[in-house]
Amino acid sequence: MTIITLYELPNIDGIIVPFVKTPKGIVCPHFYELRWAFGCPFDCAYCYLQGTGRGNKRPRYRSVNKVLSAIEKAFKHPYFIKNPTIFNSGELADSLMNPTIMEQIADKFEEQDKHKLLLLTKGVHSLSKIDFLINKPRNQTIVSLSLNSQKVWKRWEHLTPPPAMRIEIAKRIMEVGYEVRIRIDPIFPIDNWKRYYEDLIYSIFSELPESPERITLGTPRGLKKTIMFSQDKSWTKWFKEYSKWGWKLAASKRKEIYLFFLDKLDMLGFDKSKISLCKETEIMWNELGMDRNNCKCNCVW
């Protein structure tokens, strides 16, 4: 039997690519990227794509035919035949920045019942942009909405839809049967942060017809290149310690933030096993009493 090591995982045409760069001491399960495009039309001050694209986040698209061909090859590849996989289309681009292309990709995944397409997005400004999801519910697509507090949205998430719109999108999509996941990331310790994030949590649970399938939490992460190419660096002022995944808030502040969220979500009856931390240290997982070996984060099964 041939054993595939971590760094021998299949890479199909540079479009289906394994994410295996997690440094030691950081919890981030390996997953697969679907690199159908690069860039984002939004202008979040903290966006890591600023560093990835060396300051150029203008959306660029691969040939749709090449993307669909790579997906077809993946479906027939011996590794993927044995390993049901979620393909994350939102690691290098906002998944809904071109609904016409994404509709074709989502339809491709409906040709089989083993693998799932993950859409990760900060939403759209017009609900008509999600008609392709609403009018044709799909079994092989998962939708993950990235949310933040109203105050953080106004300060750093430029050009993005407001949190209320994103929650409305999650509601519409959930109502027609999609699995919906939520990311609250990055959580900033702004003045009165507890009040703003409590409002966000209660909005999510009061507006959605049911609880999200899972919730991923994260605090600001400042990679060297992200900070270098960020034109507005005001979001970096809370950084106190350096990790193998860039600058972070002080461990005590991160722990305070996570405990706050864990407490609020517990009060709402949300299953703790469905909560994960994004690119957080093993030490922090352990201090919070969370099972990092059973991490059910946004990008995996």
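**Helix packing, aromatic pairs and a buried arginine**

In α8, the residues Trp193, Lys194, Tyr197, Glu198, Ile201, Tyr202 and Phe205 meet a set from α10, made up of Lys253, Glu256, Ile257, Phe260, Phe261, Lys264, Leu265 and Met267. All of this comes from a predicted model. Two packed helices are described by the angle between their axes and the distance between those axes. For α8 and α10, the axes come within 11 Å and cross at roughly 35°. The crossing of α8 and α10 is right-handed.

Next come the aromatic rings. The structure holds 20 aromatic pairs. One of these is Phe80 with Phe87: the ring centres sit 5.4 Å apart and the planes meet at 50°, so this pair counts as tilted, a label for angles that are neither under 30 degrees nor over 60. Both partners are tucked away from the outside. Phe80 has a relative accessibility of 0%, so it counts as buried, and Phe87, with a relative accessible area of 1%, is buried too. Trp193 and Phe260 make a pair of another kind, edge-to-face, with 5.2 Å from centre to centre and 75° between the planes. Trp193 belongs to helix α8 (residues 193-207) and Phe260 to helix α10 (residues 251-267), so this pair ties together parts that are 67 residues apart in sequence. These two residues also turn up in the list of those that meet between α8 and α10. Trp193 counts as buried because its relative accessibility is 7%, under the 20% cut-off. Phe260, at 12% relative accessibility, counts as buried as well.

Phe80 and Phe87 also have company: together with Tyr32, Phe75, Tyr79 and Phe109 they form one aromatic cluster. Rings can have charged partners here, too, as Tyr196 shows: the charged end of Arg195 sits over the ring of Tyr196, 4.6 Å from the ring centre.

Another arginine, Arg166, is found in helix α7 (residues 163-175). A charged side chain might be pictured on the outside, but what about this one? Arg166 has a relative accessibility of 0%, so it counts as buried. The side chain of Arg166 is joined to that of Glu157 by a polar contact of 2.7 Å. Leaving aside residues up to four places away in sequence, Arg166 touches Lys122, Leu145, Ser146, Leu147, Asn148, Trp153, Glu157, Thr160 and Pro161. Glu157 therefore shows up twice for Arg166, in the polar contact and among the residues touched.

Definitions and conventions
Residues numbered from 1 in each chain as written. Predicted model: local features only at pLDDT ≥ 70, side-chain atom pairs only at ≥ 80, totals over all residues. Heavy atoms only, no water. Phe/Tyr/Trp six-rings, centres within 6.5 Å; stacked < 30°, edge-to-face > 60°. Buried < 20%, exposed > 50% of the residue type's maximum accessible area, 1.4 Å probe, protein only. Helix = DSSP H or I, 4+ residues; strand = E, 2+ residues; numbered from the N terminus. Lys NZ or Arg CZ within 6 Å of the ring centre and 35° of its normal. Polar contact = N/O pair within 3.5 Å; in protein donor to acceptor, adjacent residues only side chain to side chain. Contact = heavy atoms within 4.5 Å. Axes fitted to C-alpha atoms, helices over the stretch in contact; angles between N-to-C directions. Left-handed = near helix turned anticlockwise from the far one by under 90°.
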